[in-house]
Each structure stands twice: as C-alpha cells, then as structure tokens.
Amino acid sequence: FVALMNQKAVSLGMDQTHFANASGVEDPTQLSTARDIAAMSCELLKHEKVKSYTTIWMDQIRGGKTEVVNTNRLARFYDGCTGLKTSFTEATKHCISASAARNGISFVAVSLESDSADSNFSAARSLLDYGFANYTIAVPEFDTSQILPLKVTGGIKTETLPVCDPVDGVVVPVGREKDIEVELVQSEEI
C-alpha cells in the first residue's frame, strides 16, 4: 500500500514527498513539504465523501457508547471549513492541512512544525483569512458574437458554427475582476 501511496504522490507532482508507512508514525525516511501536502489535500478535496467526514466536529459511534471529537478545531470554529487533517509527532510538532470554501472559492492552508496547537490553528486561520480577504472568483465575459462560422472540408455541410463551453471562473486578486481579457483563437476551417 505504501508503494501505491508513493506512486500517487509522484503522479500529483509531490516530488519532495516520501511515505514510509500509511499511518504517519514517525520514521526518519518519511518526509514531505507544505507544497506537497497542499497538492495532496487538493486532490482529496475532489471527493465529496472526504468532506462529509472531515467537517464533523463531534459524533458518536458504537451505538452512542463512544464519542469521537475532530482534532481540527477549525471544523467547529472556522466559517466554511471543509477539513482536513491535523497531526502531531515529536519530530514534526503540530501540523495541519486546513481547507475552507466560501462564495465559490476554496483555499488550502498548510502549517508545519508549530510549537503549540494554538499557534498551529492560528497560522492556518491566518492563511485562510488572507486568501478570502485578498482573492475572489471572476468569470470573464465573453462575447459569443465573435464566434464565426467555420468552413467544413469533406463534410455534409459546408460550414458550421462552433459552440463554446461556459467560461470557468478564475482566481484573481480582489479588485482585479475586470482586468481579465478573453481572446478568441479560431481556425478558419475544419
């Protein structure tokens, strides 16, 4: 299983990560970076089922005999928190990969080697706050009248009008939403 974890890490571009075990138990050969953890977190967050677990603050299992509490305090106290994972070892201290979504934009914040749980959550909260305060989603306006018919070679019709998928939103600094330009590049024939 660990070999598969390392293969997946490579496929995600996590070139500074090596897993030695699946549990996170300290091992001197197991290492990663904030960037790599963020990449892994973004991949995990593509799966809605993950968020259904990582956003739970408290739950009961075994017929109510056992109470489970999420170690990620942001799940309870941060608006829009979608997860994700905390950890602590003597070697790495307090670490977190935190995620949140508001108004159609999502961010992941990674804090490593914090001296205390409080400073760990504070760092993640500050990073997420910075993202929400300084970035937004902008949907570029696109004038579909610019799309011209294409000549069709060897087809039943001699020309066709291309159809464009809706333009996705892009992340931009707050206040720069109108600075986005859309350029149409179109072949003359197909």
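In this predicted model, Lys-8, Glu-43 and Lys-46 are linked in a network of salt bridges. A search of the whole structure returns eight salt bridges, and several further pairs are described below.

One salt bridge joins the side chains of Glu-48 and Lys-51, with an N to O distance of 3.1 Å. Both residues belong to helix 3, which covers residues 48-54. Because Glu-48 and Lys-51 are three residues apart in this helix, about one helical turn separates them. Glu-48 is exposed, and its relative accessible area is 55%.

A second pair consists of Arg-102 and Asp-79, whose side chains meet in a salt bridge at 3.5 Å, N to O. Arg-102 lies in strand 4, whereas Asp-79 is in the loop between helix 4 (74-77) and strand 3 (81-89), so the pair ties together parts that are 23 residues apart in sequence. Arg-102 is partly exposed, at a relative accessible area of 23%, which falls between the limits of 20% for buried and 50% for exposed residues. Asp-79 has a relative accessible area of 54% and is exposed.

Asp-36 forms a salt bridge with Arg-35, and the closest N and O atoms of this pair are 3.0 Å apart. The two partners can be set side by side by accessibility: Asp-36 is buried, with a relative accessibility of 0%, while Arg-35 is exposed, with a relative accessible area of 51%.

Strand 4 (residues 93-102) also contains Ser-99. With a relative accessible area of 1%, Ser-99 is buried. The side chain of Ser-99 makes a polar contact of 2.7 Å with the side chain of Thr-82. When neighbours within four places in sequence are left aside, Ser-99 is in contact with Leu-45, Gly-80, Cys-81, Thr-82, Gly-83, Leu-84, Phe-107 and Val-108. Thr-82 therefore appears both as a polar partner of Ser-99 and in the list of residues in contact with Ser-99, where contact means heavy atoms within 4.5 Å.

On the surface, a nonpolar patch of about 520 Å² is made by Tyr-130, Tyr-135, Ile-137, Val-139, Val-167 and Val-171. One of these residues, Val-139, is found in the loop between strand 6 (135-138) and strand 7 (150-151). Val-139 is exposed, with a relative accessible area of 56%. This value is consistent with a place in the patch, because patches are made of residues with over 30% relative accessible area and no salt bridge.

Terms used: Residues numbered from 1 in each chain as written. Predicted model: local features only at pLDDT ≥ 70, side-chain atom pairs only at ≥ 80, totals over all residues. Heavy atoms only, no water. Patch = residues over 30% accessible without salt bridge, like charges linked within 9 Å, V, L, I, M, F, W, Y side chains within 5 Å. Areas by Shrake-Rupley, 256 points an atom, 1.4 Å probe, with all protein chains shown as cover. Salt bridge = Lys/Arg side-chain N within 4 Å of Asp/Glu carboxyl O. Helix = DSSP H or I, 4+ residues; strand = E, 2+ residues; numbered from the N terminus. Buried < 20%, exposed > 50% of the residue type's maximum accessible area, 1.4 Å probe, protein only. Polar contact = N/O pair within 3.5 Å; in protein donor to acceptor, adjacent residues only side chain to side chain.
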